[in-house]
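Trainee: Before we rely on any label in this structure, could we go through what each one rests on?

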Amino acid sequence: MSDLILYSVQGATAVITVNNPPVNALSPGVPEGIGESLAKAVADDAVNAIVLIGGGRTFIAGADIKEFGKITSGQRKGFELLPLMRAMEDSSKPVVVAIHGTAFGGGLEVAMGGHYRVASPSAQVGQPEVKLGIIPGAAGTQRLPRLAGVAKAAEMCAFGEPIKAADALACGIVDRIIEGDLLTCAIAFAQEIVASGITPPKPRERNEKLSEAISFDALRAQARKTKRGLTAPLAAIDAVEASTQLPFDEGCKKEREIFERCLYSDQSKAMIHAFFGEREVAKIPFLAKDTAVAEIRRAAVIGAGTMGGGIAMNYANAGIPVIVKEATQEALDRGMAVIRKNYANSVAKGRFPQSVMDARMALITPQLTYDGFEEADIITEAVFEGMALKKEIFTAIDGIAKPTCILASNTSTLSIDEIAAVTARPHMVIGTHFFSPANVMRLLEIVRGAKTSHEVIATCMALAKKLNKVGVLVGNCRGFVGNRMIHPYIREATFLVEEGASPEQVDKVLYDFGLAMGPLAMGDLAGLDVGWRIRQEYRHLETPGERHPRVNDALCEMGRYGQKTGRGWYAYDENRKSSPDPEVAALIERTSAELGITRRVVSDDEILDRTMYALVNEGAKILEEGFALRSVDIDIIYLTGYGFPAHRGGPMFYAGLVGLKKVYERVCEFHATHGDQWAPATLLKRLAEEGKTFAQWDKER
Ligand code: 3H9
């Protein structure tokens, strides 16, 4: 037997321990090893009960997700777990599964093959497969309704959220919570069963909860609304419904068919790419493993506006005391009021109790001076986007901060090197670009300047994790990665409007594609004046004769800055509900005429291709210039910071699904029609010619 499974006999109980760190995934050899150990225990006359447990920090966290790609690419056959669970159920000796950490996906499915389950108080169980674009594929949709009831099972399989041990006990997934040592108590539990003489129940035969009344249609409606565009939640509901209509074995067959369909879907490939991508971005190839990471014990933030306030909340949420400095009492009071309101909303929604809010507020010190800045381990500047002001602030804090203090800027476009140059410590200067709202969005772009030290990079990557963010390291180019790419995306969206599309049409195409909102609605949310100011700052860099969007500037000239002024691309009512505005339609028509453009019917396909491929082409240029480490980094930036749908895998992965050859040809068409702004990236051209994807390029480097 391999080392993946350990077998021992304690008294009369056989103990089977899964030993596949870090999360005891069901990698090749694990199910086989459990099966062999089970057979050994059943055959051993000195054994009267069996305990299955996970070694290390968790029970089985699921199937080995790395294997799915091998199955869909034909490198290996699919795996079959059903015989293992059947053997567990059919064992003449009681099988008790002891759960700690997370019994997720295939892990919970294996656990449900046991006659009984006991769990540590902190354990969690769940069927999160839908988050990978698949459904449970080892009878989870058939056994879970039999243990937990149909409604609970349908909800768990459709939405993928885990439940805690106490909830699992209440609904019947778990039979006992163990407060003491899990293994000792699981063995004692198994011996209690033996002593009682009870015939252990087989979960697959426990049909009493299957008649529970539930509206599958209502659940489908909820899934369509809250999981827009995703196929797996609906597929999971179909499979759970089958448990109420078919005998167990037939239900398993149905589940298998649906599972296979999902596994081979583009959605699943994209979501698995996103799962591993989120973990991949934390790995910085050029950082040595022993790079020193400084502890951040105290922080300071300059600016209590939307960004500064949100950043301060992040520090407080992580238990780090933070000073917030503003220039005027009025701005400081306004900023603190917003922070308080945000926390109060969370308390009202039951996310955490008032005591947590009070503790977090107590960690935030509002002030007008630099007092206490000398003790900070990191100072984050989050003021207005203007180079002169940033330089003034960095000069000031360089004179106050201790030598080991990291000086971070939250700039979204300005050069970190130019900012660092005004200090005597450019190696300590870095960009930490939070996304609005900073207390909600998971992305943190960590911008490395030419002189930023490895220790500062490693510390900021670790800090991102501590702040519960996904930190992605990027290079110092204009707009860094996310905003550099958003620029041509918005440009094309605006051009399309000037050429004949309506703002509603453009936004609807991208919303239907799966984005949280279309590009123009996003502009209204972020504030159109932000881009307007940036365009003014960089006007001197524009190539003479090059076409630039006009309508967005014209909107700003009319004071239409977006939601904050109640008017932007759309008109907003007091509840921020948008509606088309005839004034905007007239402005667009007027602008098209002024530009000499004859308005035409623009197809939805053109809208999607021009906006998406603008992102992809710019992303490819960023890669060839080395401002992102890998294409997956770009994908994760878009998935966690720009509302890009997980089931598309990010812009670079999406391009791979379309086929880079097709994307390249379309980019060439746009180049011929619209000019040099569409010059194809060399990398895109090369990969298209070689028949490769960006994901393959990542692996080959
Ligand atoms: C399934 O079970 C289908 C079934 O129905 C059967 C069908 C036949 N496989 O997240 P972490 C790696 S589908 C392979 O940083 P944490 C992860 O990549 C599966 N690898 O730790 C990382 O590697 P690295 C259903 C996995 O403590 C390392 O482990 N299950 C898997 O923050 C540590 O991970 C799920 O969807 C896996 N299943 O969180 C659970 N899981 O160090 C997915 C993790 O090289 N996993 N890795 O970057 C999770 O939700 C979290 O990893 C978990 C631990 C909560 C378990």
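Mentor: What follows takes one helix and then the ligand site of a model that is predicted.

Trainee: What makes Leu 84, Met 85, Met 88 and Glu 89 of helix α3 count as buried?

Mentor: Buried means under 20% relative accessible area, and the residues of α3 (residues 82–90) that are buried are Leu 84, Met 85, Met 88 and Glu 89. Seen down the axis of α3, these buried residues fall within an arc of 135°, so they line one face of the helix. Their cover includes α1 (30–43), β3 (49–54), β4 (95–99), α4 (106–111) and α5 (140–148).

Trainee: Why is the approach of Ala 63 to an oxygen atom of the ligand called a polar contact?

Mentor: A polar contact is a pair of N or O atoms within 3.5 Å, and a polar backbone atom of Ala 63 is 2.8 Å from an oxygen atom of the ligand, so the pair qualifies. A backbone N or O atom of Gly 106 likewise lies 2.8 Å from a ligand oxygen, while for Arg 279 an N or O atom in the side chain is 2.8 Å from an oxygen atom of the ligand.

Trainee: How much of the ligand does the protein cover, and which element gives the largest share of the shell?

Mentor: Of the 1000 Å² of accessible area that the ligand has on its own, the protein covers 75%. The elements giving two or more residues to the shell are β5 (102–104), α4 and α12 (266–280), and α12 gives the largest share, three residues.

Trainee: What kinds of residue make up that shell?

Mentor: The shell around the ligand divides into 15 nonpolar, five polar and six charged residues.

Methods: Residues are numbered from 1 along each chain as its sequence is written. This is a predicted model: local features need pLDDT of at least 70, side-chain atom pairs count only at pLDDT 80 or more; totals for chains, interfaces and linings use all residues. Side-chain values use heavy atoms; hydrogens and water are left out. Buried means under 20% relative accessible area, exposed over 50%, partly exposed in between (1.4 Å probe, protein chains only). Helices (H or I, at least four residues) and strands (E, at least two) are DSSP runs, numbered from the N terminus. The arc is that of the directions from the helix axis to the C-beta atoms. Contact means heavy atoms within 4.5 Å. A polar contact is a pair of N or O atoms within 3.5 Å; within protein, one must be able to donate a hydrogen and the other to accept it, and residues adjacent in sequence count only if both atoms are side-chain atoms. Accessible areas come from the Shrake-Rupley method with a 1.4 Å probe; for residues, only the protein chains shown count as cover. Ala, Val, Leu, Ile, Met, Phe, Trp, Tyr, Cys and Pro count as nonpolar, Asp, Glu, Lys and Arg as charged, and the others, Gly among them, as polar.
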